Structure formats: structure tokens, C-alpha cells
Amino acid sequence: MTILQNILSFNKDFVNNKEYEPYITTKFPDKRIVVLSCMDTRLVELLPKAMNLRNGDVKIVKSAGALVSHPFGAIMRSLLVAVYELQADEVYVVGHYDCGMSAVDPESMIQKMIERGINPEVIDMVEFSGIDLKDFLRGFGDVATSVMKSVETIRNHPLMIKTIPVHGLVIDPNTGRLDVIEDGTVVRL
């Protein structure tokens, strides 16, 4: 049985047994917050538990490294939708220690693409089209600096409400300890 077949078999029983009922909620976050976090597997259950969040409390947006890599990309759009359409009043950027994005080597990733069947001519075409592929794939060195960069991108976005607190945190993926990098409620002069 494939992974998809296993998922669909489980899902059929899940629906038939009405196991979804404890998760019924609205589309609006009860705690009125949106969290941008990394897609790391260690955070799937740990992050909500460490932040005392339950189903229905929060909107969660995920990206590799909790990065807002483009001010008008899908991640920023999701945050704006959470604020303007879904009643989020605070934004939390939560990176984590031992993040895979801190070790991403663009040259190595491009080589893996080629090894897995991407034609080198396609890579050349992307680069000739004006995309700096190495910069696009590059990770970051320091998670706290990366979190602050995303916080600043969100806070300074021309479409973001200036009174929305934008917080920056880093979570330990082993213990769930949260370190505050930026308290968005602190008034800046």
C-alpha cells in the first residue's frame, strides 16, 4: 500500500467515525494571532504545545526557515490575509535552533537537482532569465538575525498596519523553550 493509500484509508475511517468533531472551529483565530514558523518536522506538534495553542487559536503559516523571502510573495500575502480578512491582531515569527536552512548550500542543492533529473539546461535557462538561483536557494547563518530580518520585512511592509505587533522568537526544537528576539509590543522611537 502506498503512503497516499494509507492516508486515504485512515481518512475514510476518520470521517466515518466522526473523529473530526473535537476539531470543529471557525476560520477566525480565537487568540487573534498569526504565526510564521519553519516547516521543520520537529515543530509540527511541539510549537503549538510550547505556545499553549490549540486548534482554532491561531493561523499558522510555514516556510523553510520561517523566512519572508519576498515582500510580495505568498508568505507575505498569507500574513496580510490573516490580518485583514481573518482578524489576526499580532504576528509571531518563530525560527528555531538547528534549522536546516542554516546549512543550505545552493551549489550542493543544484547538484542534487541535476542528480534527480533536472536538466542542467533548465538551470541555465532559469539563471539566464534573471533569477540568481544561488541567492534564491541560499540559507542563512544565524537564526536570530534571520528572524529579525523577517520581522523587519513584515513590520515595514507598506500594506501592514503599523500598530500590529510583530514579534520574533526562536524555539529550541528539543525542549520547546522560546527565546524572545523581538518583542513587538515595545514602543520604538
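This passage describes the first helix, a nonpolar surface patch and the cysteines of a predicted model.

Helix 1 comprises 14 residues and runs from residue 3 to residue 16. The distance from its first C-alpha to its last is 20 Å, which is close to the 20 Å expected at 1.5 Å a residue. Just after helix 1, a positive phi of about 55° is found at Lys-18.

A nonpolar patch on the surface is formed by Ile-3, Leu-4, Ile-7 and Leu-8. Together, these four residues present about 440 Å² of accessible area. Among them, Leu-4 is located in helix 1. Its relative accessibility is 54%, and Leu-4 therefore counts as exposed, since the category requires a value over 50%.

With regard to the cysteines, the structure contains 0 disulfides. Cys-38 takes part in no disulfide, and the cysteine sulfur nearest to that of Cys-38 belongs to Cys-99, at 4.0 Å. The converse holds for Cys-99, which is likewise in no disulfide and has the sulfur of Cys-38 as its nearest cysteine sulfur, 4.0 Å away. A disulfide is assigned to a pair of cysteine sulfur atoms within 2.5 Å, so the separation of 4.0 Å between Cys-38 and Cys-99 does not qualify. In terms of solvent exposure, Cys-38 has a relative accessibility of 5% and therefore counts as buried. Cys-99 also counts as buried, because its relative accessibility is 5%. Both values fall under the 20% limit that defines a buried residue.

Terms used: Residues numbered from 1 in each chain as written. Predicted model: local features only at pLDDT ≥ 70, side-chain atom pairs only at ≥ 80, totals over all residues. Heavy atoms only, no water. Helix = DSSP H or I, 4+ residues; strand = E, 2+ residues; numbered from the N terminus. Expected span 1.5 Å × (residues − 1). Patch = residues over 30% accessible without salt bridge, like charges linked within 9 Å, V, L, I, M, F, W, Y side chains within 5 Å. Areas by Shrake-Rupley, 256 points an atom, 1.4 Å probe, with all protein chains shown as cover. Salt bridge = Lys/Arg side-chain N within 4 Å of Asp/Glu carboxyl O. Buried < 20%, exposed > 50% of the residue type's maximum accessible area, 1.4 Å probe, protein only.
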